[in-house]
Amino acid sequence: MRIQTKYLGEVEVEEQQLIHFATGIPGFIDEKRFVLLELADNPAFQILQSVETKDVAFVITSPHTVYPAYTIKLDDAIMESLQIETEKDVLLFSIVTLKSPFQKSTLNLKSPLVINPRSKRGKQYIVAIDEYSTTAPIVPETPMEAEGE
C-alpha cells in the first residue's frame, strides 16, 4: 500500500510492516496503525509514521544510543498484551523532540515505545522510575550521565 508521510513523502509499505498500537499513543488514541521508516542518511534515527494520518509521525531512536545503561522492567500486563516471550521480542525506542540547535533536542526516557517485532504490536509504556525524564538531553552533559551513574 502507498501512504503519505510527514517527512519522506509518499512511500510504499507492506501490510506485514504495520505495527498495531491497540490503545493508540497518548495524545493520539485514534491512531492505531504505524510503520517504522528508516532515515537513509542517519541510521541512528527512524520515523514512527501513522498509516492513517500523514502529519502524525515521530522521530525515534533507541535510548541505548545515547544512554547505554538505560534499563526498564516490563510488567506482566504489557508482556501479555504485546505477546512478549523473550528479550528478542522487545524493541525499545524513545521519542525525540527536535530543537534548534540539534544539541538541545531531548529524548523521552520516561515513556518509551515498546514494540514486539514478531507480533507487530506496540505500546507507549510509562516507566515507574523517577530518574528517567520526558526531556532527557540528547547530548548528555557528562559522560557519567550517559552511563547512568
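This is a short tour of the structure above, one selection at a time. Keep in mind that you're looking at a predicted model.

**Stop 1: strand β7**

Start by selecting residues 91-97, which make up strand β7. Is this strand mostly covered or mostly open? Mostly covered: five of its seven residues are buried.

Now add the strands that pair with β7. Residues 57-61 are strand β6, which runs antiparallel to β7 and is joined to it by two bridges. Show side chains here and you'll find Ile60 opposite Ile95 of β7.

Next, bring up strand β9, residues 113-116. The pairing between β7 and β9 is antiparallel too, with three bridges. To see one pair, pick Leu91 and look across to Ile115 in β9, its bridge partner.

Then there's strand β8, just residues 106-107, which pairs with β7 in the antiparallel sense through two bridges. Click on Val96 and you can go from there to its bridge partner in β8, Leu107.

**Stop 2: the loop before β7**

Step back to the loop that links α2 (76-81) with β7, and select Thr86. Why call Thr86 partly exposed rather than buried? Because its relative accessible area is 43%, while buried means under 20% and exposed means over 50%.

With Thr86 still selected, add Asn116 and draw a distance between the two C-alpha atoms: you should get 9.9 Å, for residues 30 apart in sequence.

**Stop 3: the nonpolar cores**

Nonpolar side chains in soluble globular proteins tend to be buried together. Here, the largest nonpolar core has 28 residues. Which of them touch the most other members? Select Val13, Tyr67, Tyr70, Leu107, Leu109 and Val114. You met Leu107 earlier as the partner of Val96. Colour β4 (33-38), β5 (45-50), β6 and β7 as well, since each of these strands gives at least two residues to this core.

Zoom in on Val13. Setting aside neighbours within four places in sequence, Val13 has contacts with Met1, Ile3, Leu18, Val35 and Leu37.

A separate core of 13 residues lies apart from the largest one; to find it, select some of its members, including Phe21, Phe34, Leu36 and Leu48.

**Stop 4: the largest pocket**

Finish by turning on a surface. The largest pocket holds about 280 Å³ of space. Which residues lie closest to its centre? Of the 14 that line the pocket, they are Ile72, Leu74, Glu87, Val90 and Leu92. If you colour the lining by class, expect eight nonpolar, four polar and two charged residues.

How values were computed. Residues numbered from 1 in each chain as written. Predicted model: local features only at pLDDT ≥ 70, side-chain atom pairs only at ≥ 80, totals over all residues. Heavy atoms only, no water. Buried < 20%, exposed > 50% of the residue type's maximum accessible area, 1.4 Å probe, protein only. Helix = DSSP H or I, 4+ residues; strand = E, 2+ residues; numbered from the N terminus. Pairing = 2+ DSSP bridges. Core = buried A, V, L, I, M, F, W, Y, C linked by side-chain atoms within 4.5 Å. Contact = heavy atoms within 4.5 Å. 1 Å grid on protein atoms, 1.4 Å probe; cavity = no way out; pocket = protein on both sides within 12 Å on 5 of 7 lines; lining within 4 Å. Points joined across faces, edges and corners; volume = space filled by probe spheres on them. Nonpolar A, V, L, I, M, F, W, Y, C, P; charged D, E, K, R; others polar.
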